Amino acid sequence: MLVVNLRGEGALVGDGATREEYRTHFSMWSILASPLIIGSDLTDMDDDTVETLTNVEVIELNQDPLGIQAARIRKDGDIEVFAKPLENGDQGVALLNRGLAEAEIGVELQDLGVDWSAATVRDLWGTSRPRVVGERIATHVGPHESTMLRLSPQ
């Protein structure tokens with residue numbers, strides 16, 4: 001089981017972190033094609049935890065038939081970018097902010113290894129508004145938070 005340690009603790013989704021940290025934890029499990037295991041008491045989950053653990057688009061990215069784990073394509077201090085190819089030609093991208101302050105995180109489309117002259121970008125958590133400027137996608141990501149994107153060529 002993958003544990004993303006953002007606070008110096010080993011909490012699982014549903015066991016003592018913030019909503020954003022839960023989503024970050026689940027996002028990283030998903031982008032890295034790790035087994036999705038619920039380690040929390042199912043009878044004691046709040047609505048945010050259930051919403052996190054049942055996000056169909058994030059689960060689909062995790063369970064893509066290619067089964068390819070994401071590669072880290074950028075690390076700059078507390079900022080990391082991960083990408084994975086999907087069976088239908090789309091790309092899954094995670095923008096991870098391990099830091100204590102909001103940061104703008106971007107990725108050059110050429111770094112995804114595909115000709116992305118035109119693409120549709122979808123935020124799988126619906127919490128950000130990624131911008132495509134020229135050949136770059138960028139968005140603001142809060143502290144201990146991640147943004148999960150699905151890029152589809154047009």
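## Exposure and the pair D76–R74

A residue is called buried when its relative accessible area is under 20% and exposed when that area is over 50%, while partly exposed covers the range in between. In this predicted model, D76 has a relative accessible area of 48%, and D76 is therefore partly exposed. Its partner in a salt bridge is R74, with the closest N and O atoms 3.8 Å apart, and R74, at 28% relative accessibility, also counts as partly exposed.

## Salt bridges between distant parts of the sequence

The structure holds 11 salt bridges, and one of them joins E51 to R23, whose closest N and O atoms are 2.9 Å apart. Because E51 belongs to helix α2 (residues 47-53) and R23 to helix α1 (residues 19-31), this pair ties together parts that are 28 residues apart in sequence. The surroundings of the two partners can also be described: E51 is partly exposed, with a relative accessible area of 41%, whereas R23 is buried, with a relative accessible area of 8%. E51 and R23 also take part in a network of salt bridges, in which they are linked with R19 and D48.

Another salt bridge is formed by the side chains of D90 and R150, at 2.9 Å from N to O. Since D90 lies in the loop between β2 (79-85) and β3 (91-97), and R150 lies in strand β8 (residues 145-153), the pair ties together parts that are 60 residues apart in sequence. Are D90 and R150 buried or exposed? Both D90 and R150 are buried.

## A patch of negative charge

On the surface, D41, D44, D46 and D47 gather in a patch of negative charge. One of these residues, D46, has its place in the loop between α1 and α2. With a relative accessible area of 42%, D46 is partly exposed, and D46 therefore passes the cut-off for such patches, which are made of residues with over 30% relative accessible area and no salt bridge.

## The largest nonpolar core

How many residues does the largest nonpolar core have? This core has 16 residues, and those with the most contacts inside it are M28, I31, F82 and M148. The elements that give two or more residues to the core are α1, α3 (56-62) and β3, and the largest share, 4 residues, comes from α1. Helix α1 can thus be met in two settings, since R23, which pairs with E51 of helix α2, lies in this helix, and α1 also gives the core its largest share of residues.

Methods
Residues are numbered from 1 along each chain as its sequence is written. This is a predicted model: local features need pLDDT of at least 70, side-chain atom pairs count only at pLDDT 80 or more; totals for chains, interfaces and linings use all residues. Side-chain values use heavy atoms; hydrogens and water are left out. A salt bridge is a side-chain nitrogen of Lys or Arg within 4 Å of a carboxyl oxygen of Asp or Glu. Buried means under 20% relative accessible area, exposed over 50%, partly exposed in between (1.4 Å probe, protein chains only). Patches are made of residues with over 30% relative accessible area and no salt bridge: like charges are joined within 9 Å, nonpolar side chains (Val, Leu, Ile, Met, Phe, Trp, Tyr) within 5 Å. Accessible areas come from the Shrake-Rupley method with a 1.4 Å probe; for residues, only the protein chains shown count as cover. Lys and Arg count as positive and Asp and Glu as negative; His and the chain ends are not counted. The place of a charge is taken as NZ of Lys, CZ of Arg, CG of Asp or CD of Glu. A nonpolar core is a set of buried Ala, Val, Leu, Ile, Met, Phe, Trp, Tyr and Cys residues joined through side-chain atoms within 4.5 Å.
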